[in-house]
Amino acid sequence: MSHLLELDDVHTYYGESHILEGVSLHVDPGETVALVGRNGVGKTTTLRTALQLTPPRDGTVTFDGEDVTGRQTHDVAQAGMGWIPEDRRMFSQLTVEENIEVAVKDGEGVVRHLDRAFEAFPDLREFRQRKAGNLSGGQQQMVAIARGLVGENELLLVDEPSEGLAPQIVEDVANALRAVASDASLLLVEQNFPLAMDLADRFYLMDHGEVVHSDTTEGVSADDEEIRRYLT
Ligand SMILES: Nc1ncnc2c1ncn2[C@@H]1O[C@H](COP(=O)(O)OP(=O)(O)OP(=O)(O)O)[C@@H](O)[C@H]1O
């Protein structure tokens, strides 16, 4: 089986700063894969590299069997790679419903997609006419995930979905991600290690622009010596 997403020895720079120093990883169809590690080790840059927002200077990115290295980001997105960025990026003056509508790629299916989003996230139905800018952080994260769902993406890159959210809201977000994961593969950056292990099938641990460890998530705990060394 070929990988859905594969980064092969990618080197990514911001100007002269060498940020990713030979990252290789993959996500298979149907998988949820977590990318963990301390602040600043290059997790977000890895997602940006996959999407070609910051294309690698060396190495290749393959998506759905095609080499997409150096392609335009909108082409990669059109091919089915969606992004839920850390800042959630709402159109604050648009309603919840409008924010979800603009993420629908197939214009004719808007009503069907909205129904599906509200089925998966019943709480959003109540807020559908409210401006996104007036929602709480947790509600905005739900809208961001609903946008990922209706975009019919094969792969969703999710950056720090639980950041800044209260624990009971994190549980709602986790359930929303589980709903999306039944439809799409996920590559998830998450600082909340137990949550990442709970949601993902496999994980990659990063440090200083490199993958230093990778394994399945089963039975892995943040107390593990090897893991602790890179997280604290
Ligand atoms: N636009 C940029 N220009 C220059 N340097 C950047 C830029 N964005 C990030 N960096 C640097 O690249 C390194 C990796 O950042 P990145 O955001 O990928 O890390 P991260 O692991 O996702 O951490 P965080 O959880 O803080 O987002 C950091 O040292 C950061 O300061």
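This report describes the fold of one protein chain and the residues around its ligand.

**Overall build**

The model is predicted. The protein chain has nine helices and ten strands. Its C-alpha atoms fill a box of roughly 45 × 40 × 35 Å along the principal axes. A compact globule of 232 residues would have a radius of gyration near 17 Å, and the protein chain has 17 Å, so the two agree. Buried residues account for 42% of the 232 residues. Contacts reach far along the sequence: of those between residues at least 6 apart, 67% join residues at least 24 apart.

**The six-stranded sheet**

Six strands form an open sheet with mixed pairing. Their order is β6-β7-β8-β3-β9-β10. The edges are β6 (81–84) and β10 (210–216), each of which pairs on one side only. From one strand to the next, the twist averages 20°.

Take the pairs in turn. β7 (residues 155–159) and β8 (residues 185–189) run parallel over five bridges. Within β8, L186 is the bridge partner of L156. β3 and β9 also run parallel, joined by four bridges. Here L35 stands opposite Y204 in β9. β9 and β10 run antiparallel, with six bridges between them. R202 has its bridge partner, T216, in β10. These two strands form a hairpin with two residues between them. One turn residue, H208, has a positive phi of about 45°.

**The four-stranded sheet**

A further open sheet has four strands, in the order β2-β1-β4-β5. Its pairing is antiparallel. β2 and β5 (66–67) are the edge strands, and each pairs on one side only. Five bridges join β1 (residues 5–14) to β4 (residues 58–63). F63 in β4 is the bridge partner of L5.

The table collects the strand pairs described for both sheets.

| Strand pair | Sense | Bridges | Paired residues |
|---|---|---|---|
| β7 and β8 | parallel | five bridges | L156 and L186 |
| β3 and β9 | parallel | four bridges | L35 and Y204 |
| β9 and β10 | antiparallel | six bridges | R202 and T216 |
| β1 and β4 | antiparallel | five bridges | L5 and F63 |

**Helices on the sheets**

Helix α1 (residues 43–51) packs on the six-stranded sheet. There α1 touches β3 (32–36), β6, β7, β8 and β9 (202–207). Its direction makes about 150° with that of β7. α1 also lies across β1, β2 and β4, strands that belong to the four-stranded sheet. It runs at about 110° to β1. α1 thus has contacts with strands of both sheets.

Helix α7 (residues 167–181) lies across β3, β7 and β8. The angle between α7 and β8 is about 145°.

**Around the ligand**

Which residues surround the ligand? They are Y14, S17, I19, G37, N39, G40, V41, G42, K43, T44 and T45. Two elements, β2 (17–27) and α1, each give two or more residues to this shell. The largest share, three residues, comes from α1. By type, the shell divides into three nonpolar, seven polar and one charged.

Helix α1 therefore links the topics above: α1 packs on the six-stranded sheet, lies across strands β1, β2 and β4, and gives three residues to the shell around the ligand.

How values were computed
Residues numbered from 1 in each chain as written. Predicted model: local features only at pLDDT ≥ 70, side-chain atom pairs only at ≥ 80, totals over all residues. Pairing = 2+ DSSP bridges. Axes fitted to C-alpha atoms, helices over the stretch in contact; angles between N-to-C directions. Contact = placed C-beta atoms within 7 Å. Near = placed C-beta within 6 Å. Nonpolar A, V, L, I, M, F, W, Y, C, P; charged D, E, K, R; others polar. Rg over C-alpha atoms; globule rule 2.2 N^0.38 Å. Buried ≥ 20, exposed ≤ 12 C-beta atoms within 10 Å, placed from the backbone.
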